[in-house]
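Biologist: Please take a close look at the salt bridges in this model, and go through them pair by pair with the burial of each partner. After that, I would like to see the result set beside other parts of the structure.

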Amino acid sequence: MKEKIIHTHRLDYLLIFAYLILTIIGWISIFASSYDPDKFTKFTLFNLNALYGKQILWILISFTLAVVILILDVKFLVNMAIPFYWLTIILLVLTLVIGTIIAGNKGWINLGNGILLQPTEFAKYAVSLVLAYLLNLPAFNLENKKNIYLLIAIVVLPTLIVLLQNDAGNAVVFISFFFLFYRLGLPAFFFFLFFYSIVLFFLSLLIKQYVLISIITLLMILSTILLNKNRKAILKILISWIFSIVLIVSTNYVFFHVLKKHQQDRINVLIGREYDERGSAFNIQQSLVAIGSGGLTGKGFLQGTQTRYNFVPAQATDFIFSAIGEQLGFIGSSFVILLYVLIILRMFNLAEKQRSTFSTVFIYSTAFIIFVHVVINIGMTLSLVPVIGIPLPFVSYGGSSFLAFTLMYFTVIKLNMHKNEVL
Amino acid sequence: MKNLHIYSYRKYVLASLVIFIALVYIGKLFQIQILSDKYKKLAERNSVRYIYEYPSRGLIYDRNNKLMVYNKASFDIVVVPGDIEQLDTNKLLNILSITKEEFLRRLNLAKKYSRFQPSVFEANITEEVYSKFQENKYFFKGFYVQKRTIRQYPYFTAPHLLGYLGEVSPSILSQDSFYLPGDYIGVSGLEKAYEKELRGVKGLRVMLVDVHNRIKGSYKNGALDKKPIPGKDLYTSIDLELQMYGEKLMQNKRGAIVAIEPKTGEVLALISSPYYDPNLLVGRDRAKNYRKLAQDTINHPLYNRATMTKYPPGSVFKISNALAALKYQLIDRNTAFSCYGAYPVGGGHDIDCHIHPSPLNLPGAIQYSCNTYFCYVFKHFVDNNQFPSSREGYMVWKNVINKLGFGHPLGIDLPGELGGNVPDAIYYDQMKRTKKWYANSIISVAIGQGEIGATPLQLANLACIIANRGYYIVPHIGKAVGSPQNVLSFPKIDVDIDSSLFMPIIEGMEMAVLAGTATIAQIPGISVCGKTGTAQDPPRKNHSVFIAFAPKNHPKIAIAVLVENSGFGAEWAAPIASLMIEKYLKGKVNRKDLEQKIMNAVLTNPYK
């Protein structure tokens with residue numbers, strides 16, 4: 001019996017539908033963001049000179065490859081993990097050497113004809129695959145500390161290369177794997193530590209250091225009194241007290257000597273310390289103005305004055321959500337957020353139902369990667385997160401990003417079709 | 001994998017985290033899109049530019065359609081701070097001849113007002129500055145030339161009447177959204193009284209601009225655009241020739257002349273001396289000239305002495321006193337009082353009188369201006385038995401006086417009109433610390449001295465009341481707005497005194513001119529009725545006061561003249577009034593000697 005090529009009844013239509021809606025909204029927003037009535041004489045969908053034309057091209061390529069993934073033998077996906085990982089590492093190193101610098105970071109390879117490839121996007125896909133592969137191996141035991149270090153190294157390696165490319169944004173994205181580790185049993189402590197450090201960092205910038213140190217000391221003393229018998233606890237409190245002091249005191253150094261000027265600016269803007277209307281604060285202000293002026297229902301397609309007259313910088317890429325906010329208003333922008341929530345939670349749901357660890361890990365990884373992108377990108381346009389340049393999945397203009405996300409997304413759908421199998 | 005099962009509860013933690021962050025973001029969206037309209041406003045400011053077109057201000061004509069004020073083109077430099085790009089500051093400093101500090105100060109003021117609306121940076125630039133600026137305007141992105149109009153006065157006349165323009169004040173800016181900083185507004189006179197009609201409506205074009213400030217088209221397809229509407233012209237009742245003639249008569253004297261057409265209440269001339277060239281308060285030197293005028297504390301040239309000062313009216317007031325008594329039938333034409341040179345009050349406070357035949361009836365008392373007579377009239381009224389007390393009697397008397405236009409502003413269409421002063425009973429209660437006081441203790445009121453204060457306008461208005469035998473139209477200068485046919489209407493006020501009661505008054509006033517204290521006022525062929533007044537102003541000389549109307553029947557002009565610190569009513573005020581009447585009724589003056597004498601007189605030393 002000839003097997004069906006695609007068991008269409010096993011496709012997750014919810015995810016596919018959500019994907020299509022986001023893609024359409026994204027493409028329309030890119031169109032609106034790059035719309036210049038002066039240059040707009042004849043409308044051609046495939047106008048490769050325009051962003052929307054290029055995006056259509058990448059969308060079509062991605063659709064094609066998506067179908068390919070669905071047709072592929074699932075085993076191929078499992079087995080290609082490690083080679084694919086090394087391929088992306090090589091590409092990343094290559095980019096460091098012969099790459100083109102765009103927007104301050106050297107993360108692009110020019111394939112000619114204005115077509116740019118960004119290996120970093122595929123690195124996220126590759127790391128997800130490799131982690132899934134390793135964790136799927138029956139012999140892979142998480143009690144063995146060496147294995148844990150291996151997992152971390154797999155994530156850290158591309159992160160370092162990306163940092164060398166000067167792309168702090170994408171480096172941050174690799175944090176998404178730590179959410180995966182958390183699900184796998186990484187003590188929550190590390191997360192607390194991470195968030196605690198960030199909070200302390202920001203607080204040290206806002207409050208005088210000696211005040212902060214006094215407060216922390218007071219809290220430590222208080223907790224010592226409350227847990228006076230437990231020696232182990234006291235030791236932990238002591239360690240965290242020292243850790244906090246070190247962190248607070250080193251804030252200044254880190255801020256002024258480790259962070260770059262534009263990163264300092266962005267943080268300053270976020271905490272409200274600086275307001276240079278033409279400088280770093282400009283992007284945020286314009287973004288807020290665009291979104292805020294959308295009101296309940298938005299100004300309508302192509303009617304967003306801020307978008308139309310190019311007030312929001314990078315409005316087709318990093319700040320595309322501003323265009324959505326302005327044109328579609330509260331209703332539209334909340335809808336987009338909820339759509340992402342739907343996709344992520346759906347993926348959580350599917351991940352738990354997989355028989356094979358490979359699928360679980362991979363689906364979770366994808367969900368977290370999407371989560372981190374959305375949180376940072378939209379947070380940035382709303383001035384809740386410092387400006388970090390990363391795209392909004394399926395919506396921002398960017399061929400490599402759209403393709404990589406599509407591949408990951410449909411890999412998830414493909415894996416889910418085999419949810420009852422051992423891979 | 002084992003761990004996946006052990007830690008399966010963590011899926012809930014992760015899901016909660018996702019939902020939590022989504023809610024926070026949606027909350028933020030709600031805050032900036034729904035709760036706050038700050039961003040909506042910022043969006044509009046971001047992308048639109050407001051271009052204003054100033055209309056021409058309404059012109060002002062006299063009653064014979066002679067132009068009293070017209071407009072001249074003037075240019076301001078305005079700045080839109082948000083448009084400034086790569087400014088060649090030094091060049092601009094040079095062209096405008098200002099220091100860097102001044103430049104920054106003005107720029108900060110403009111920024112504080114608005115980044116995207118224009119503010120006046122330099123007003124009334126000279127032609128030289130204009131051409132230099134226009135040549136170099138590409139270096140001054142953000143600065144533009146704005147065409148405006150300023151006032152020009154063809155004649156050196158009537159500055160108090162016409163008023164002047166000034167920059168609109170911050171308090172008005174916050175109340176009336178019609179004005180932008182740097183706009184002109186009428187500050188005094190007719191310019192202020194008829195501001196709304198004269199100012200027209202600014203034209204507006206709202207243009208969409210992109211982030212580089214290039215104009216991309218009309219905002220909302222011109223839905224907010226407005227064409228400028230020119231100001232409406234004002235047609236006044238002033239007789240320019242008469243006005244200028246009176247000003248010449250009053251040169252080198254301090255005082256006022258008010259001439260009204262009794263039947264209509266139209267002001268024919270309103271003169272306050274000393275005065276100044278209205279062109280001084282226009283243009284670049286306005287502030288400097290204003291300071292100079294304001295600092296002249298002897299002459300107070302900026303005060304409108306016709307409406308903004310109160311003088312003791314002196315004997316002119318006796319007429320109102322008489323009218324009150326006539327109304328209450330306390331006296332009639334034939335009531336007579338003897339005068340032996342003074343009215344006895346006692347305690348050294350007798351009211352002196354001058355030499356004249358005695359006894360006098362009412363017309364005679366007016367003719368010879370007998371103080372004693374009117375003191376008796378006042379006492380007769382206030383201390384009369386029909387009132388429960390003198391205090392009550394005074395209040396009734398005061399009521400009549402008020403109806404005759406005293407003690408309150410008349411409502412002329414000029415800002416800042418004072419109401420003179422007629423104290424109410426409480427004032428005297430407090431002064432005398434008792435409610436039991438009598439006519440004699442306030443007797444100087446009877447002859448227009450003491451606490452009584454009146455503006456020359458009120459005196460002229462009194463003349464109108466008598467001329468009309470019992471009513472007046474609220475005096476006004478504006479006749480029509482927009483076109484001569486669009487006539488304004490003003491209320492008619494009846495003073496509640498029977499017209500027959502005016503007969504003895506008029507008789508007296510006619511006799512005063514024919515054979516009494518005001519013979520100087522006679523004009524051949526015209527029956528003039530008048531009343532002199534000599535208002536004491538110790539330690540200075542008396543004010544010379546005179547009211548009149550002519551001709552006696554069907555009067556065409558009522559007039560009041562007051563010359564500060566110059567002597568008897570007949571010395572200066574009466575001849576001036578008479579010359580004015582002659583000029584108006586005959587068109588020219590034949591008594592050249594008198595005219596010369598008056599014009600040449602210098603009476604500005606009050607202590608001589």
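Modeller: In this predicted model, B:Arg148 and B:Asp76 form a salt bridge in which the closest N and O atoms are 2.6 Å apart. B:Arg148 belongs to strand S5 (residues 143–152) of chain B and B:Asp76 to strand S3 of chain B, so the pair ties together parts that are 72 residues apart in sequence. Both ends are enclosed: B:Arg148 is buried because its relative accessible area is 4%, and B:Asp76 counts as buried at 0% relative accessibility.

A second pair also starts from an arginine of chain B. The side chains of B:Arg63 and B:Glu266 meet in a salt bridge, with 3.2 Å from N to O. Here B:Arg63 sits in the loop between S2 and strand S3 (67–79) of chain B, while B:Glu266 is in strand S12 (residues 266–273) of chain B, so this salt bridge ties together parts that are 203 residues apart in sequence. At 10% relative accessibility, B:Glu266 counts as buried, since the cut-off for that class is under 20%.

The third pair brings a helix into the picture. B:Arg57 and B:Glu191 meet through their side chains in a salt bridge of 2.9 Å, N to O. Because B:Arg57 lies in the loop between strand S1 (48–53) and strand S2 (60–61) of chain B, and B:Glu191 in helix H9 (residues 189–193) of chain B, the pair ties together parts that are 134 residues apart in sequence. B:Arg57 is buried, with a relative accessible area of 9%, and B:Glu191 counts as buried at 0% relative accessibility. This pair does not stand alone, for B:Arg57 and B:Glu191 are linked with B:Arg151 and B:Glu195 in a network of salt bridges. A search of the whole structure, over all chains, finds 29 salt bridges, and the pairs described here are some of them.

For the setting of these pairs, chain B has 21 helices and 20 strands, and 54% of its 608 residues are buried. Of the contacts in chain B between residues at least 6 apart in sequence, 71% join residues at least 24 apart. The chain exposes about 26600 Å², of which carbon and sulfur atoms supply 52%.

A polar residue elsewhere in chain B is enclosed as well. B:Asn321, in helix H13 (residues 318–327) of chain B, counts as buried at 0% relative accessibility. When residues up to four places away in sequence are not counted, B:Asn321 touches B:Phe374, B:Val377, B:Phe378, B:Trp397, B:Ile401 and B:Ala446.

Chain A can be set beside this. Its secondary structure comes to 17 helices and three strands, and buried residues make up 53% of its 423 residues. Chain A exposes about 19300 Å², and carbon and sulfur atoms supply 70% of that area. Among its contacts with a separation of 6 or more, 70% are between residues 24 or more positions apart.

Helix H10 of chain A serves as an example from this chain. H10(A), residues 209–226, has 18 residues and reaches 26 Å from its first C-alpha to its last, close to the 26 Å expected at 1.5 Å a residue. Within H10(A), A:Leu212, A:Ile216 and A:Met220 are buried. These residues cover an arc of only 70 degrees around the axis, which puts them on the same side of H10(A). An α-helix has 3.6 residues a turn, so residues three or four places apart point the same way. The buried residues of H10(A) pack against helix H9 (188–206) and helix H11 (231–258) of chain A, whereas the face turned away from the buried side carries the exposed residues A:Tyr210, A:Leu218 and A:Ile225.

A:Tyr210 is also part of a nonpolar patch on the surface, which A:Tyr210 forms with A:Val199, A:Leu203, A:Leu206, A:Ile207, A:Val211, A:Ile215 and A:Leu219, and which has about 700 Å² of accessible area together. H9 and H10 of chain A each supply at least two residues of this patch, and H10(A) gives the most, with four residues. One of the patch members, A:Ile215, lies in H10 of chain A and counts as partly exposed because its relative accessibility is 41%.

Technical notes. Residues numbered from 1 in each chain as written. Chains lettered and ligands numbered in written order. Predicted model: local features only at pLDDT ≥ 70, side-chain atom pairs only at ≥ 80, totals over all residues. Heavy atoms only, no water. Expected span 1.5 Å × (residues − 1). Buried < 20%, exposed > 50% of the residue type's maximum accessible area, 1.4 Å probe, protein only. Arc of directions from axis to C-beta. Contact = heavy atoms within 4.5 Å. Patch = residues over 30% accessible without salt bridge, like charges linked within 9 Å, V, L, I, M, F, W, Y side chains within 5 Å. Areas by Shrake-Rupley, 256 points an atom, 1.4 Å probe, with all protein chains shown as cover. Salt bridge = Lys/Arg side-chain N within 4 Å of Asp/Glu carboxyl O.
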